[in-house]
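Please look over the model below before reading the numbered points, which take up helix packing and the relation between the chains.

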Protein chains: 2
Amino acid sequence: MSYVRCLRGIASGVEYPAGIPMNLDPVDGRPVEMVLDLERLRRAWPDASWYRPGRNDLWRFGALLALDAEDPGDARFVVSLGEGATPLLELSGEPAVRGTGLRLLLKDDSRNPSGSFKDRGMAMVASQARRLGLRRLAVPTQGNAGDSLVRYALAGDLDVVVAMPPDTPAPIREAVASAARLHPGRVHLELAGPTIREAGARLKERWLPQGWFSVATFQEPGWRIEGKKTLGLELAEPSPGETRWHVPDAVIYPTGGGTGVLGMWKAWNELQALGLLDARRPRLYCVQSQATRPLVDAFERGATDTTPVVAGATVAVGLNVPGGVGHARVLEIIRASGGAAVAVAEADIEAQLTRARAAHALDIGTEGAACFAALPQLLEQGWLRRGERVVIVNTGSLAKYRPVAA
Amino acid sequence: MSYVRCLRGIASGVEYPAGIPMNLDPVDGRPVEMVLDLERLRRAWPDASWYRPGRNDLWRFGALLALDAEDPGDARFVVSLGEGATPLLELSGEPAVRGTGLRLLLKDDSRNPSGSFKDRGMAMVASQARRLGLRRLAVPTQGNAGDSLVRYALAGDLDVVVAMPPDTPAPIREAVASAARLHPGRVHLELAGPTIREAGARLKERWLPQGWFSVATFQEPGWRIEGKKTLGLELAEPSPGETRWHVPDAVIYPTGGGTGVLGMWKAWNELQALGLLDARRPRLYCVQSQATRPLVDAFERGATDTTPVVAGATVAVGLNVPGGVGHARVLEIIRASGGAAVAVAEADIEAQLTRARAAHALDIGTEGAACFAALPQLLEQGWLRRGERVVIVNTGSLAKYRPVAA
């Protein structure tokens, strides 16, 4: 029993029928998202009984997701490897916030099945593809999205082609190559570069015309947003012993394409529509590398969209997104939240990678390290205030990029 | 508020005061365990209200643990990196059980913070050490236990020395070495071999006389058993939407020293004493490698204890335990459960490592692969029966042993 009422262009507002395998909004080439009938959901599940906190994965948000893993009609489509429900950890010893009165927490999404937050989106992608009867999926990737999709495709009995630049981090390239060797005809690897753009072009040229369905960022009809929505839901759900939903004061989020920003925002808006949150939102601080900072430039300029830049070189591979069809919406959300987009130096990311990993004994990846690198400027500029509860999102494990102990 | 009534020798039955930093039972050199006052617990927490299913780590078992992370008096001692609450995943596509009517599940403990089930024990070790004011811990290891303890020691502001054979898997050796470089004077690495026995001897000779406290398997007073107990609790806790606690029909468990076996059994006994389980227990199938099979030999001989063997060479490093002070109790538990100890060939472990990882798109380690390798003989010999719910425990991530993608 799905409560998806329709698909809707996030910029055009034009509505399309739910359940059609569309890509970008034909009106303006912007993303579409899934619109839920929250009134009907509310009537069907009084007292937010769609929420099943005892369940230890992202499917505990039940009917508030586009597929309900515990609905008999939906369950057969759902592909799960135990994604989501990642820990929210206190970083009480963090020296950067000592004496500031801040309460700093880490949402550790490196603890997902494939080691990154991409699993939230790809679990939903594989499940939705199965529901629509799509058997062949194509994705261009800088790394984590490709590895993740391969796992969910295999688990969901789907075929997949992954296109990536040849300089994709070796552990991920090897994981996909090894899956392709083990599952000939089911998993395909295309190396095309130098950037994800050329990888995408290769898919468009060779694979999409053969009927493979693109699940590149925002190319699928809101599925990855719907999966990333669970990050926002998890940041808002009642703590143990509480009954009240509530959000942190600020979220520091490493931002590439921005699916997670759209997803979190959608989560909080839906919770408000359901009467579970008020109008307050966390201030979103989107962190980019100085090497590739389209969002930061646009934010500082006061622009409503990014101007595509030439991608630089950053160890935070997932942030190396020179432009994107979702960036206008990301900027709108940052501003609506009262937050900011900030850039950090590569040297600071590397320094935090060593320091923060050692200080907290956690598997903080390069994108997570970029958020730690942003703390000093956020504090100096007065963005973070005494007594606030601030969450850093660690989007992935370092082991995906470099050979390190898990 | 702790419900630990005393420590007790698991073989001698002799009781010792709770909260003393003892090692093995002085009466017989066997392990001691923590004994809880379950009657008092039951009265204090009616309707099993110590259980907090909304909490996403092993501390959700509250007062049923030796420390309650939500008790104000205990909380300051608790060291947590978000351990436990690992997923229990359906392996519906497993060809080995096709047509058998079995429901096969994987308890994926590779999803712990350091990538292995050792985190359950070491979270408890670090927390108990802090409670008793012990600041310097020593552990000999074949790998995962050492890496795990280093992380919890750092997080809990304790000092640690880890002794390991020089041929410990490189990712783990490197992780500990790198922590030692980053935290000089706080983390120490001793290379001593060729086996864990010589590593232990080195600690005894150089470190324990200086006041370092040994937390080698069973050397601490039941702490690691208490941590591993949470594995048994998680296997028995109500599924989402249920209220009833219940156990699987069988658990296939890769067994080295056997702390996990003692821990799970203790969990189920305590749940029965609390009126939450009946007398039924899962049949325990302890899996070892043909290379080092003391439990299997003793089980087949009908012996009440293992005869220490010479350690062989196995890729399932965690199973390479030639003998142990807890083995007599492991044999007793296997028999009481109606289960068995079985050995698998090295070639079969390697074959399953490739096949099972690819088939299920999960990070199955060598010890988990050994359990898959045991399935054919368990089925052929009639140990597993139609309609049963059978759990394989995947104790760790392959990335801890070999450079693979996460």
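**Notes on packing and symmetry**

1. Helix 9 of chain B and helix 10 of chain B are oblique to each other, a class left for angles that are not under 35 degrees (roughly parallel), over 145 (roughly antiparallel) or 65 to 115 (roughly perpendicular). Helix 9 spans residues 294–301 and helix 10 residues 327–337 of chain B, and they pack at about 55° with axes 11 Å apart. Their crossing is right-handed.

2. This is a predicted model, in which local features need pLDDT of at least 70 and side-chain atom pairs count only at pLDDT 80 or more, while totals for chains, interfaces and linings use all residues. Residues are numbered from 1 along each chain as its sequence is written, chains are lettered from A and ligands numbered from 1 in the order written, and side-chain values use heavy atoms, leaving out hydrogens and water.

3. In chain B, B:Pro294, B:Leu295, B:Ala298 and B:Phe299 of helix 9 meet B:His327, B:Val330, B:Leu331, B:Ile334 and B:Arg335 of helix 10, where contact means heavy atoms within 4.5 Å. By class, this contact has seven nonpolar, one polar and one charged residues.

4. In chain A, the axes of helix 3 (residues 118–132) and helix 7 (residues 223–236) come within 7 Å and cross at roughly 135°, and this crossing is right-handed. The residues of the contact divide into seven nonpolar, four polar and six charged.

5. Chain B can be laid on chain A with an RMSD of 0.0 Å by a turn of 180° and a shift of 0.0 Å along the axis, the superposition being by least squares on C-alpha atoms of residues with pLDDT of at least 70 in both. That is the relation of a two-fold axis.

Technical notes. Axes fitted to C-alpha atoms, helices over the stretch in contact; angles between N-to-C directions. Helix = DSSP H or I, 4+ residues; strand = E, 2+ residues; numbered from the N terminus. Left-handed = near helix turned anticlockwise from the far one by under 90°. Nonpolar A, V, L, I, M, F, W, Y, C, P; charged D, E, K, R; others polar.
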